[in-house]
Amino acid sequence: MADDFKAFATYGDIEKRWHTLTAPERQTATTLLEDATQIIMDTCPRWADASERTLKAVVCAMVIRKMLVDDRSEERRVGKECNRECCC
């Protein structure tokens, strides 16, 4: 990605909508926010017409969903049960 590339949201925006992230979760969220931003830019021809608030909300929803699915997949893989009160 170009040096001037900026995701539509930050991990702080994820934390405002979900829960405080651990350091590894922050790294993952940052990468996923960049991915989500690029997906929108590549697949939505009129993305530039959307408000900043809408773009932020959409990428945050995409990333939270992805992180929830990955968390649950990992828990099933290692045989653990989720004990987070926020998501189960």
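A residue is called buried when its relative accessible area is under 20%, exposed when that area is over 50%, and partly exposed in between. The legends below use these words for a predicted model.

**Figure 1. The whole protein chain, with its 3 helices and 0 strands.** Read from the N terminus on, the elements of this predicted chain follow the order α-α-α. The chain has 88 residues, and buried residues make up 28% of them. Among the contacts in the chain with a separation of 6 or more, 65% are accounted for by residues that stand 24 or more positions apart.

**Figure 2. Phenylalanine 8, in the segment before helix 1.** Helix 1 covers residues 11-17, and phenylalanine 8 has its place in the segment that comes before this helix. Because its relative accessibility is 17%, and the cut-off for a buried residue is under 20%, phenylalanine 8 counts as buried. Leaving aside neighbours within four places in sequence, phenylalanine 8 is in contact with Thr37, Ile40, Met41, Trp47, Leu55, Lys56 and Val59. A further pair to look for in this view is phenylalanine 8 and glutamate 34, which are 26 residues apart in sequence, while the distance in space from C-alpha to C-alpha is 7.8 Å.

**Figure 3. Aspartate 13 in helix 1, with Lys56 and Cys60.** Aspartate 13 is found in helix 1, and it counts as buried because its relative accessibility is 8%. When residues up to four places away in sequence are not counted, aspartate 13 touches Lys56 and Cys60. Lys56 also appears in the previous view, as one of the residues in contact with phenylalanine 8.

**Figure 4. The largest nonpolar core, with 18 residues.** Within this core, the residues with the most contacts are Ile14, Trp18, Leu33, Val59, Val63 and Met67. Helix 2, which covers residues 23-43, and helix 3, which covers residues 52-78, each supply at least two residues of the core. The largest share, 7 residues, comes from helix 3.

**Figure 5. Valine 63, a residue of helix 3.** Valine 63 is buried because its relative accessible area is 1%. Apart from neighbours within four places in sequence, the contacts of valine 63 are with Ile14, Ala29, Leu32, Leu33 and Ala36. Valine 63 and isoleucine 14 are 49 residues apart in sequence, yet the distance between them in space is 8.0 Å, taken from C-alpha to C-alpha. Both Ile14 and Val63 are listed among the residues with the most contacts inside the largest nonpolar core.

**Figure 6. Cysteine 44 and cysteine 60, in a structure with 0 disulfides.** A disulfide is a covalent bond between the sulfur atoms of two cysteines. A search of the whole structure finds 0 of these. Cysteine 44 is partly exposed because its relative accessible area is 33%, whereas cysteine 60 counts as buried because its relative accessibility is 0%.

**Figure 7. The largest pocket, with about 200 Å³ of space.** Rolling a probe the size of a water molecule over the atoms shows where empty space is left. The lining of the largest pocket is made by Lys6, Ala7, Phe8, Ala9, Thr10, Asp13, Ala48, Ala50, Glu52, Leu55 and Lys56. Of these lining residues, 6 are nonpolar, 1 is polar and 4 are charged. Helix 3 gives the most to the lining, with 3 residues. The lining includes Phe8 and Asp13, which are the subjects of two earlier views.

How values were computed
Residues are numbered from 1 along each chain as its sequence is written. This is a predicted model: local features need pLDDT of at least 70, side-chain atom pairs count only at pLDDT 80 or more; totals for chains, interfaces and linings use all residues. Side-chain values use heavy atoms; hydrogens and water are left out. Helices (H or I, at least four residues) and strands (E, at least two) are DSSP runs, numbered from the N terminus. Buried means under 20% relative accessible area, exposed over 50%, partly exposed in between (1.4 Å probe, protein chains only). Contact means heavy atoms within 4.5 Å. A nonpolar core is a set of buried Ala, Val, Leu, Ile, Met, Phe, Trp, Tyr and Cys residues joined through side-chain atoms within 4.5 Å. A disulfide is a pair of cysteine sulfur atoms within 2.5 Å. On a 1 Å grid over the protein atoms alone, a cavity is a set of points where a 1.4 Å probe fits but cannot get out, and a pocket is an open set with protein on both sides within 12 Å along at least five of seven lines; lining residues have an atom within 4 Å of a point. Grid points are joined across faces, edges and corners, and a volume is the space filled by probe spheres set on the points. Ala, Val, Leu, Ile, Met, Phe, Trp, Tyr, Cys and Pro count as nonpolar, Asp, Glu, Lys and Arg as charged, and the others, Gly among them, as polar.
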